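Biologist: Please show the model, and then let us discuss the helix and the core in turn.

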Amino acid sequence: MWLTEPDSFVSIAKEPNEGTPGDSHCFVFMDGQLLSIVESGVPRPVSVDEFRWVDADVKAKIYLGTWRGTHCFAVEAESNSTPSAPYVVSDLHGWLGRVESSLFYLAGRAKQIVEWNRDHTYCGRCGFETGNHATDCAKQCAKCGLVNYPRLSPSIIVLVRQGDEALLARNARWRHGMYSTIAGFVEPGESIEQTVHREVLEEVGLSVTNLQYMGSQPWPFPNSLMLGFHADYHSGEIVCNDEEIAEAQWFRYDDLPNRPGATAISGWLIDAFVEERKRLASQQDA
């Protein structure tokens, strides 16, 4: 499940000169909702030709590149009426677990580009109107020259292990019964490793050691890049941060609670731990 497939990435190429091919993918966002067509229960982006039949005004259209040979665009639009079948609008969360991972990441990229473009219409330093950078995917102020690239917020997510057990926590905002790993944003002046130690200590009162980097995942809610780790318990007793963590417990690898699915990096981290413990158990039984 780690994001290593070559076709998961968008090839950045020049925008087509002679119009937009009708079969191009358009990731259209209207009031933060993604326009799509659902076929056999699976959503997909609309094509340029299909979007022409939607009663909406285009506010911005940004070229993303090509994906599997097809041109892709991020579009911000304002709907003049509620789209009717076969068109549907939904939150991007609704694509989780329903589409292949590479398509979900691409939709997430489009979402972030649309929001960045909308939020940087004016310069944050002098207030003058911005324009597109000549060569980069960036906004540049015509008056003071300030350049703003799409925002990216690095964060960590970590599974703390202790032998056959893993620490899983329930966020105070989640529905009852759903547990996951510890996560948090990197603060100015921190290394990624320092963030892991700080977040675990702040959220559950534990010290960890033996950090092992496992992989990363782009997460467009709203603009994170999540760096995943395994870490071993070192010391301390579980003391939950009441504002963020409702409860945290140690769970055996073969007796886990309700947890995120394989689409999320937290699910990958937990699955990797389970496979490791199963492998060790089978070696001991052999």
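Modeller: The expected span of a helix is 1.5 Å times one less than its number of residues. Helices (H or I, at least four residues) and strands (E, at least two) are DSSP runs, numbered from the N terminus. This is a predicted model, in which local features need pLDDT of at least 70, side-chain atom pairs count only at pLDDT 80 or more, and totals for chains, interfaces and linings use all residues. Residues are numbered from 1 along each chain as its sequence is written, and side-chain values use heavy atoms, with hydrogens and water left out.

Biologist: What should the 21 residues of helix H4 span?

Modeller: Helix H4 covers residues 265–285. Because each residue adds 1.5 Å, the expected span agrees with the distance between its end C-alpha atoms, 30 Å.

Biologist: Is alanine 166 buried or exposed?

Modeller: Alanine 166 lies in strand S12. Buried means under 20% relative accessible area, exposed over 50%, partly exposed in between (1.4 Å probe, protein chains only). Alanine 166 has a relative accessible area of 2%, so this residue is buried.

Biologist: Which residue of H4 that is buried does alanine 166 touch?

Modeller: The buried residues of H4 include Trp268, Leu269 and Phe273. Contact means heavy atoms within 4.5 Å. Not counting residues up to four places away in sequence, alanine 166 touches residues including Leu159, Trp250 and, from that helix, Phe273.

Biologist: Which element supplies the largest share of the largest nonpolar core?

Modeller: A nonpolar core is a set of buried Ala, Val, Leu, Ile, Met, Phe, Trp, Tyr and Cys residues joined through side-chain atoms within 4.5 Å. Among the 37 residues of the largest one, Trp95 and Phe104 are two of those touching the most other members. The largest share, 9 residues, comes from H2.
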